[in-house]
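Open the model in a viewer and have a selection prompt ready. The stops below go through side-chain pairs and then a helix contact.

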Amino acid sequence: MAKDDYFVLMYKLLKRLYDALKQGKTLSDEEFANLSVGINSVYWQYIIMNVSREGYISGIHEIESLSGTTVMARDVQITPKGIEYLFSNSMMERVKNALKDFKDIVPGI
């Protein structure tokens with residue numbers, strides 16, 4: 001799987017939010033924005049909107065305008081449904097294993 005694959009980015013997002021939750025933290029707006037570094041902004045907004053619409057994260061607000069939809073993120077957190085998806089979905093398991101294998105092959109990542 002490519003590093004910019006939809007499910008890879010979704011896994012990384014959910015995993016990062018879950019790790020923050022377990023530490024009793026919420027990602028700052030800046031930390032959340034940094035998750036999208038190196039990713040096409042239209043693609044990132046598509047991922048964020050759909051992950052939010054599916055109920056896996058909260059704190060995403062879609063703002064409709066004549067020029068299109070803009071995503072505003074504030075106090076983004078993983079939901080219980082997102083945690084369940086992260087741990088029980090077969091695609092997320094494949095992504096996790098692929099990332100683990102990649103890290104084993106390329107040290108220092």
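Select D29 in this predicted model. D29 is partly exposed, its relative accessible area being 38%. Add R74: the two side chains form a salt bridge, with N to O at 3.5 Å. The partners lie in distant parts of the chain, 45 residues apart, with D29 in helix α2 (residues 29-34) and R74 in strand β2 (residues 68-78). R74 has 54% relative accessibility and counts as exposed, because the exposed class begins over 50%.

How many salt bridges does a search of the whole structure find? The search gives three, so two stops of this kind remain.

Next, select E62 and R53. Their closest N and O atoms are 2.7 Å apart, in a salt bridge. E62 is partly exposed at 31% relative accessibility, while R53 is exposed at 54%.

Then select K15 and D19, whose side chains form a salt bridge at 2.9 Å, N to O. Both sit in helix α1, four residues apart, which means a separation of about one helical turn. K15 is partly exposed at 28%, and D19 is partly exposed at 21%.

Keep K15 selected and show helix α1 (residues 6-22) with helix α4 (residues 80-88). Their axes come within 10 Å and cross at roughly 120°, so the two helices are oblique to each other. The crossing is left-handed.

For the contact itself, select F7, M10, Y11, L14, K15, Y18 and L21 in α1, and G82, I83, Y85, L86 and F87 in α4. This set comprises 10 nonpolar residues, one polar and one charged.

Notes: Residues are numbered from 1 along each chain as its sequence is written. This is a predicted model: local features need pLDDT of at least 70, side-chain atom pairs count only at pLDDT 80 or more; totals for chains, interfaces and linings use all residues. Side-chain values use heavy atoms; hydrogens and water are left out. Axes are lines fitted to C-alpha atoms, for helices over the stretch in contact, and angles run from 0 to 180 degrees between N-to-C directions. Angles under 35 degrees count as roughly parallel, over 145 as roughly antiparallel, 65 to 115 as roughly perpendicular and the rest as oblique. A crossing is left-handed if the near helix is turned anticlockwise from the far one by less than a right angle, and right-handed if clockwise. Contact means heavy atoms within 4.5 Å. Ala, Val, Leu, Ile, Met, Phe, Trp, Tyr, Cys and Pro count as nonpolar, Asp, Glu, Lys and Arg as charged, and the others, Gly among them, as polar. A salt bridge is a side-chain nitrogen of Lys or Arg within 4 Å of a carboxyl oxygen of Asp or Glu. Buried means under 20% relative accessible area, exposed over 50%, partly exposed in between (1.4 Å probe, protein chains only).
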